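Reader: Could you take a close look at one part of this model for me, and set that part in the context of the whole chain? I would like the terms explained as you go.

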Amino acid sequence: MKLFKQAFVGVMLLGVAVAACNRKDKAEREESNVKVVKGLYSFGPEMKSFTMCDDGREYWVADSVKNLELSYSNLNFEKPYEPVYVELEGYFSKSDTTAVSADFDSTLVVTKVLKISKEIPDGPCAQ
């Protein structure tokens with residue numbers, strides 16, 4: 001019986017280690033796909049969204065460096081959800097449906113803020 005318990009514990013530990021490695025591998029793969037993206041960012045109490053200039057696709061935003069939300073707040077808008085032009089480094093991942101609105105199937109994970117401006121340039125990002 002003691003040998004069975006030891007074997008069971010060993011198998012459980014191996015399973016936990018494999019699961020942890022798989023999560024780490026997935027995170028490393030996503031982070032290796034870092035891209036520079038340009039678009040419009042809106043922030044408010046219930047939503048953080050990014051709309052790509054190129055194709056108009058909309059993504060939920062996860063601010064991994066906590067710099068994007070701070071930069072947005074420093075622009076001193078009178079009301080939330082005012083769009084700003086941004087250039088960001090980040091990668092896309094599947095949205096966690098328990099934390100993100102069902103309207104967003106993908107999340108832009110921001111790793112670096114390159115530019116943020118109230119002035120929206122002419123062209124694909126003009127409103």
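Author:
**Strand β5 and its surroundings**

Read along the sequence, the protein chain follows the pattern α-β-β-β-α-β-β, which comes to two helices and five strands, where helices (H or I, at least four residues) and strands (E, at least two) are DSSP runs numbered from the N terminus. This is a predicted model, in which local features need pLDDT of at least 70 and side-chain atom pairs count only at pLDDT 80 or more, while totals for chains, interfaces and linings use all residues. Residues are numbered from 1 along each chain as its sequence is written, and side-chain values use heavy atoms, with hydrogens and water left out.

The five strands close into a barrel in the order β1-β2-β3-β5-β4, with mixed pairing; two strands pair if DSSP finds at least two bridges between them. β3 and β5 run parallel and share four bridges, and within this pair Trp 60 has Thr 107 of β5 as its bridge partner. On the other side of β3, the pairing with β2 is antiparallel over three bridges, with Phe 50 opposite Tyr 59, and the hairpin between β2 and β3 has five residues between the strands, including Gly 56 in the turn, whose phi is positive at about 75°. β1 and β2 are also antiparallel, joined by five bridges, and Phe 50 in β2 is the bridge partner of Tyr 41.

Strand β5 covers residues 106-117 and includes Ser 106. Because its relative accessibility is 17%, Ser 106 counts as buried, a term that means under 20% relative accessible area, with exposed over 50% and partly exposed in between (1.4 Å probe, protein chains only). Apart from neighbours within four places in sequence, Ser 106 is in contact with Tyr 59, Trp 60, Ser 93 and Ser 95, contact meaning heavy atoms within 4.5 Å.

Further along β5, Leu 108 touches, among others, Phe 50, Tyr 59, Trp 60 and Leu 88, again leaving aside residues up to four places away in sequence. Leu 108 is also one of the residues with the most contacts inside the largest nonpolar core, which has 15 residues and where Tyr 41, Phe 50 and Val 110 are likewise among those listed. Such a core is a set of buried Ala, Val, Leu, Ile, Met, Phe, Trp, Tyr and Cys residues joined through side-chain atoms within 4.5 Å. The elements giving two or more residues to this core are β1 (35-43), β2 (48-52), β3 (58-63), α2 (68-73), β4 (84-94) and β5.
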